[in-house]
Amino acid sequence: MHLGREWPAPKGFEGVCQTYPPICQKSPHTHQITDADWKKIKKVNQNINQKTPEVSDESQYHVLEKWALPSRLGGDCEDIAMLKKVELQKLGISPDHLLLVTVLDLHHEGHAVLVVRTSMGDYVLDNLTNRVLPWNKTHYAFIEAQDPNDPARWDIVLQDR
């Protein structure tokens, strides 16, 4: 997955970096993803998918779009992706490997996922499946991603499968 020029942050992302600092954190100590890290990544993806009910922003906050960590009621796709990012950082995965990304799903609707960047490629953690797939095997159209050099900014994703 290649990133292009700076792009506006998704609607609803305003204030996320101030409210949830780990979402925009950068690590001074990047490390390679190990086999032990992969086990953590897959377990976090599955556990959060199973334990976090899908609840729309409209029914929970009475707004069309709000990026927030899931509440006791649950959360929508971006909330779940943010929770995965926070939980993986707590387990020692460098935030430099974890990017929030927006896509168009198989129904051409907006969706958010967490991408884990590795030396073997970029992999998607998605609340719609427990499978951790390479980004180019998801059949999603990737739109924008957090900038790995400055996670408070976003970049357009170049479609080069």
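Cysteine 77 counts as buried, at 10% relative accessibility. Its sulfur is too far from any other for a bond: the closest cysteine sulfur, in cysteine 24, is 17 Å away. The model is predicted. One disulfide turns up in a search of the whole structure, and cysteine 24 is part of it, joined to cysteine 17.

**Cysteines**

- The sulfur atoms of cysteine 17 and cysteine 24 lie 1.9 Å apart in the disulfide.
- The torsion about this S-S bond is about -65 degrees, so the disulfide of cysteine 17 and cysteine 24 is left-handed.
- Both partners, cysteine 17 and cysteine 24, are buried.
- Cysteine 77 is buried as well, with 10% relative accessibility, but its sulfur stays 17 Å from that of cysteine 24.

**Fold and overall shape**

- The chain contains four helices and seven strands.
- Their order along the sequence is β-α-α-α-α-β-β-β-β-β-β.
- The radius of gyration is 14 Å, which agrees with the value near 15 Å for a compact globule of 161 residues.
- Along the principal axes, the C-alpha atoms fill a box of roughly 40 × 30 × 30 Å.
- Of the 161 residues, 50% are buried.
- Among contacts with a separation of 6 or more, 57% link residues 24 or more positions apart.

**Surface and charge**

- About 8400 Å² of the chain is exposed, and 53% of that area comes from carbon and sulfur atoms.
- The chain carries 18 positive and 22 negative side chains.
- The centres of these two charge sets lie 7 Å apart.

**Methionine 1**

- Methionine 1 sits in the segment before strand E1 (2-7).
- Its relative accessibility is 8%, so methionine 1 counts as buried.
- Beyond its neighbours within four places in sequence, methionine 1 is in contact with Val101, Val115, Arg117, Asp122, Trp135, Phe142, Ala145 and Val157.
- One of these partners, alanine 145, is 144 residues away along the chain. The C-alpha atoms of methionine 1 and alanine 145 are separated by 9.7 Å.

**Tyrosine 20 and the first helices**

- Tyrosine 20 belongs to the loop between helix H1 (16-19) and H2.
- Leaving out residues up to four places away in sequence, tyrosine 20 touches Trp67, Ala68, Leu69 and Met82.
- Tyrosine 20 and leucine 69 are 49 residues apart in sequence, with a C-alpha to C-alpha distance of 8.2 Å.

**Aspartate 37**

- Aspartate 37 is part of helix H2 (residues 35-51).
- This aspartate 37 is buried, because its relative accessibility is 6% and the cut-off is under 20%.
- Not counting residues up to four places away in sequence, aspartate 37 touches His31, Gln32 and Ile93.

**Glutamine 60**

- Glutamine 60 is located in helix H3.
- With a relative accessible area of 13%, glutamine 60 is buried.
- Outside its neighbours within four places in sequence, glutamine 60 is in contact with Val55, Ser71, Leu73, Gly74 and Gly75.
- Glutamine 60 and aspartate 76 are 16 residues apart along the chain, and their C-alpha atoms are separated by 9.6 Å.

**Two histidines with positive phi**

- Histidine 62 has a phi near 65 degrees, a positive value in a residue other than glycine.
- Most residues other than glycine have a negative phi.
- The position of histidine 62 is in the loop between helix H3 (57-61) and helix H4 (77-90).
- Histidine 62 is exposed, with a relative accessible area of 68%.
- Histidine 108 is not a glycine either, yet its phi is positive, at about 65 degrees.
- The loop between strand E2 (98-104) and strand E3 (110-118) holds histidine 108.
- Histidine 108 counts as exposed, at 66% relative accessibility.

Methods. Residues are numbered from 1 along each chain as its sequence is written. This is a predicted model: local features need pLDDT of at least 70, side-chain atom pairs count only at pLDDT 80 or more; totals for chains, interfaces and linings use all residues. Side-chain values use heavy atoms; hydrogens and water are left out. Helices (H or I, at least four residues) and strands (E, at least two) are DSSP runs, numbered from the N terminus. The radius of gyration is taken over C-alpha atoms; the globule rule is 2.2 Å times the number of residues to the power 0.38. Buried means under 20% relative accessible area, exposed over 50%, partly exposed in between (1.4 Å probe, protein chains only). Contact means heavy atoms within 4.5 Å. Accessible areas come from the Shrake-Rupley method with a 1.4 Å probe; for residues, only the protein chains shown count as cover. Lys and Arg count as positive and Asp and Glu as negative; His and the chain ends are not counted. The place of a charge is taken as NZ of Lys, CZ of Arg, CG of Asp or CD of Glu. A disulfide is a pair of cysteine sulfur atoms within 2.5 Å.
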